[in-house]
Amino acid sequence: MSTSTPPDESSPLIDPVMMDLFRIEVETQSQILNSGLLEIEHQGELYKDFEPLMRAAHSLKGAGRIVHMEPLIHLSHTIEDIFVAAQEGFLITSDLVETLLHANDQLLQLAKISPAMMPAWVDQQQSEWEKICEQLQRGLQERSQGSTADHIPEKPAAPVKKIAPTPSSKKAVGTQVQSRIEDRMLRVTAQNLNRLMGLAGEAMVESRWLEPFAESLFTTKNIHNKLADFLDMFRMAIGQKESEEKLLYYLEEACRLADECNISLTERLADLDQFIVRNSQLSTRLYGEVIDSRMRPFADCLEGFPRMVRDLAKELNKKVRLEVIGKDTLVDRDILEKLEAPLGHILRNAVDHGIEHQPERVALGKQPEGKIVLEAQHRAGMLHITISDDGRGIDVDSLRKHIVEKGLAKPDIVQKLSEQEVLEFLMLPGFSTAKEVTDISGRGVGLNVVQNMVQQVSGSIRIQQKPGKGTTFILQLPLTLSVIRALIVEVSGDPYAFPLARIDRVLEVSKDLIESIEGRQYFSFEDQNIGLIPAAQVLDLKPPHSQETLSVVVFSDRHNAYGIVVDALMGEKEFVVHELDSRLKKIPDVYAAALMEDGSPIIILDVEDMVRNIDRLLTTGRLHNIQYSAEKITLTHKKRILVVDDSITVREVEARLLRNYGYDVEMAINGMDGWNAVRVGKYDLVVTDIDMPRMNGIELIRAIRNDNRLKLLPIMIVSYKEREEDRLLGMEAGANYYLAKSNFHDETLLNAVIDLIGT
Amino acid sequence: MSEDKKLSLSLASHLLERPVDDAYLEEWTNLFSQDRMEGNGRNFQSVVVFRLGNEWFALSTKVFSEISKMRVIRRIPHRSTDTLRGLVNLRGQLQLCVDLAKILEIEDAEDPSQGMLMSIAHNGKTWVFVASEILGIFPYDVDVLKNVPVTVAKSTANYLKGVFSFDDKHASILDEELLFYSLDRRVT
């Protein structure tokens, strides 16, 4: 498969595990190089710490050797040479840094390719890599000149290539992300894993305690048996009127045994008590450790940011630097994943709109280089992320005008709004104050997307600014998504969970406080009218019997408050969130599921979704008419046709044609799929191709004709093959009609279908 | 360990671990690569036999991953009017529980809250359904499979590969490929 390495008796087949490890190695080392190179550029002459960079390049070379990747060996060797020279005093010019960054980009890209595709991709890139190597070597040879590099290049050097990788290299080899989400690899710290192993081991040991314990209980049981025996004998002795001595003896033995029993049981209970304490401690620690393993350092999502900020600034002819505080702050990996896009957008915004050009900054007495500080911190049980720039801030007055211009609010209202409220308008969808839509930002999409993401995880976002001084975005997010505190309620006999974060309040409202307008119920609370909606209705379930007091859970969005009526309130609990099976697509009103204490499943409701649906219901007045059809039940008498073809174009064309005419059409992608479909569904006609993988058309037709239940099903062949032999073959197999694709006009197909099955 | 015992152990391992020569390997390779002899021996497959409603069904043992006692099946809002019965907790994982009787269009299925949970899997996806009773694992002779009687409803019959007899009963064997295909289509 790979042509980059010459066949060699000693080179073994590279096994996939090795390639996986190789990929991780490339990722790790190229990231080290990336941060290092950016630092070199920033510090210029002052940078001295070349050792780790040299080692990174060296490791890459070694890795390249193991997997026999010649181009990588060559490239990393050249990079290593540069750092070795740098250690001896060679000055890396900014041009050379540029080239090195370009080279490293290639490595970063390599790390994203699926291991199986790597050799082919490297093959493709070979000439590019060779060019880079040449450039690097040339840069290295200029060491004798050793001119002081300037930190601030006036213009980007011409011969250096464009930074962004060419799109063709990305498309040509399918950069396949791991095909199944469940198989993706995750990073967990060795420490965490070790602790988990320790706890798991301890759990095993603890579980072994139970068997001997059960046995010891047997001993107690035996004593008990003996006691019973003696009591029996005592009873018999009385019956047989034995001597008082004997009676006393039996009784005393019985008492002694009873004592022994007592002591034994007390000891066993004490043992069990201790076990319970140990066990619950162990379980709690194990649970905590597993939850912890979900946490990653904040730095994990920052990979591309410093570089992005620098490149973007360069493009805009500005100088901007990104500083990160709190790289080690632990963040739930799911939240981390969701953060990348929003943070990226805010940063781009800051560079584009926030930071001024150098002359302007100097005139204002600021440093020519703009600074953006990205900080992550745990505070009060939440994750706080702030992005602040020292740019021009936001012109609030201009913003007020803009709001009026866009017709979003009346002038007198806008006047009365506080600065905070005005700034919130920035996050409306489609809002943009940029004079033009640049490639980078100003499309008015971004901030709204950020707010959506933040709300999705039940967080919040705030904007603060000081004119001329800068802007700050403050995001408040939960520490983890995997555990959620929820209110348990009962609706229609089943328990449901409402995430606490979204609940305003919970009330028990007595019937006499409920009023109604136009058939809709509401009640008054603290000067607000809260509309009442039965949860059973939203969820399409059986409503409860009428009650004296209603249990109401109150939510609100920006405009309204909603009171959802449930059958009963059951309590509050912390749940580990189980995502719904991927086979179930997004279900309305459902967020996820969890397990209750007794092990039974509980549905966690999606409040945002419910509020949206309630809104819709209220405005369209169809409160009593919720219909969610889950099954494709055909209630009409349309005739059903199955189209079988492995070409997606042909399938779609034929399907559209037939549907437009009024038929119900379903598709199958090959013969086997068609065979399954025809046995499961009930069709009036099958339209099939001949040449298909996994059972061709002829085989399909024969199978249908051989089946007792399907042998009379009309079949039409639509095929590229139009020789007489093909036609004969098809008809002999049992087709009713043969249509050649070259004869294909809308008319011919339709007419043939009508002929066969009517309209 | 006695000397004798040690000696016989070492002789035994010597015997069992002696290297094989090529001719030996060749002979056995040929033996294993031969086509299975048809008609001569009998061709047995293994199935699990269970009851839905009043009828016995069988499904290839290979597709089963677990059988357990009845547990709470929680219905899913907006989705539990069809063949999906809801979520069930098996070993800490939430699995999908389907109504097999509905798919096979069997009437007079029994009390849905009784029975045993059968967990079957295909392509890494698990499906759970409830059987009223499980008889056990049985072998059946593929060659002696009887045809599905005409009296069986058309829609059910599609899923049946045939009928086989055992003891004084007979069980209809389900076509697992078609079953999974149908489950995939209906639920996703």
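**Note on a predicted two-chain model**

1. Gln465(A) is buried, its relative accessible area being 10%, and because the cut-off for that label is under 20%, the assignment follows directly from this value. The model is a predicted one, and the remarks below should be read with that in mind.

2. As to where this residue sits, Gln465(A) belongs to strand 6 of chain A, which covers residues 460-466. Two polar partners of its side chain can be named: a polar atom of the Gln465(A) side chain lies 3.0 Å from the backbone nitrogen of Ile394(A), and the side chain of Glu419(A) is joined to that of Gln465(A) by a polar contact of 3.3 Å.

3. Both of these partners reappear in the wider surroundings of Gln465(A), where, once neighbours within four places in sequence are set aside, the residues in contact with Gln465(A) are Gly393(A), Ile394(A), Val396(A), Glu419(A), Leu423(A), Gly470(A) and Thr471(A).

4. Turning to the two chains together, the contact draws 42 residues from chain A and 33 residues from chain B, and the area buried between chain A and chain B comes to about 3400 Å², of which 55% is on carbon and sulfur atoms.

5. Which charged and polar pairs cross this interface? There are 4 salt bridges between chain A and chain B, and Arg679(A) forms a salt bridge with Asp175(B), with 3.0 Å between the closest N and O atoms. In addition, 13 residue pairs, both members at pLDDT 80 or more, are in polar contact across the interface of chain A and chain B.

6. On the side of chain A that touches chain B, the elements giving two or more residues are strand 9 (494-499), strand 17 (590-595), strand 18 (601-605), strand 20 (664-668) and helix 20 (671-680). Helix 20 of chain A gives the most, with 5 residues, while the residues on this side divide into 22 nonpolar, 6 polar and 14 charged.

7. The largest nonpolar core has 60 residues, and those with the most contacts inside it are Phe498(A), Phe50(B), Ile120(B) and Leu174(B). Its largest share, 5 residues, comes from helix 5 of chain B, residues 176-187.

8. Phe498(A), leaving out residues up to four places away in sequence, touches Arg485(A), Ala486(A), Leu487(A), Val489(A), Ile503(A), Val553(A), Phe555(A), Ile564(A), Val566(A), Leu605(A), Val607(A) and Met610(A). Apart from the core of 60 residues lies another, of 51 residues, among them Val309(A), Ala409(A), Val422(A) and Leu423(A); Leu423(A) is also one of the residues in contact with Gln465(A).

Definitions and conventions: Residues are numbered from 1 along each chain as its sequence is written. Chains are lettered from A and ligands numbered from 1 in the order in which they are written. This is a predicted model: local features need pLDDT of at least 70, side-chain atom pairs count only at pLDDT 80 or more; totals for chains, interfaces and linings use all residues. Side-chain values use heavy atoms; hydrogens and water are left out. Contact means heavy atoms within 4.5 Å. Buried area is the accessible area (1.4 Å probe) that two parts lose on being put together, summed over both. A salt bridge is a side-chain nitrogen of Lys or Arg within 4 Å of a carboxyl oxygen of Asp or Glu. A polar contact is a pair of N or O atoms within 3.5 Å; within protein, one must be able to donate a hydrogen and the other to accept it, and residues adjacent in sequence count only if both atoms are side-chain atoms. Helices (H or I, at least four residues) and strands (E, at least two) are DSSP runs, numbered from the N terminus. Ala, Val, Leu, Ile, Met, Phe, Trp, Tyr, Cys and Pro count as nonpolar, Asp, Glu, Lys and Arg as charged, and the others, Gly among them, as polar. A nonpolar core is a set of buried Ala, Val, Leu, Ile, Met, Phe, Trp, Tyr and Cys residues joined through side-chain atoms within 4.5 Å. Buried means under 20% relative accessible area, exposed over 50%, partly exposed in between (1.4 Å probe, protein chains only).
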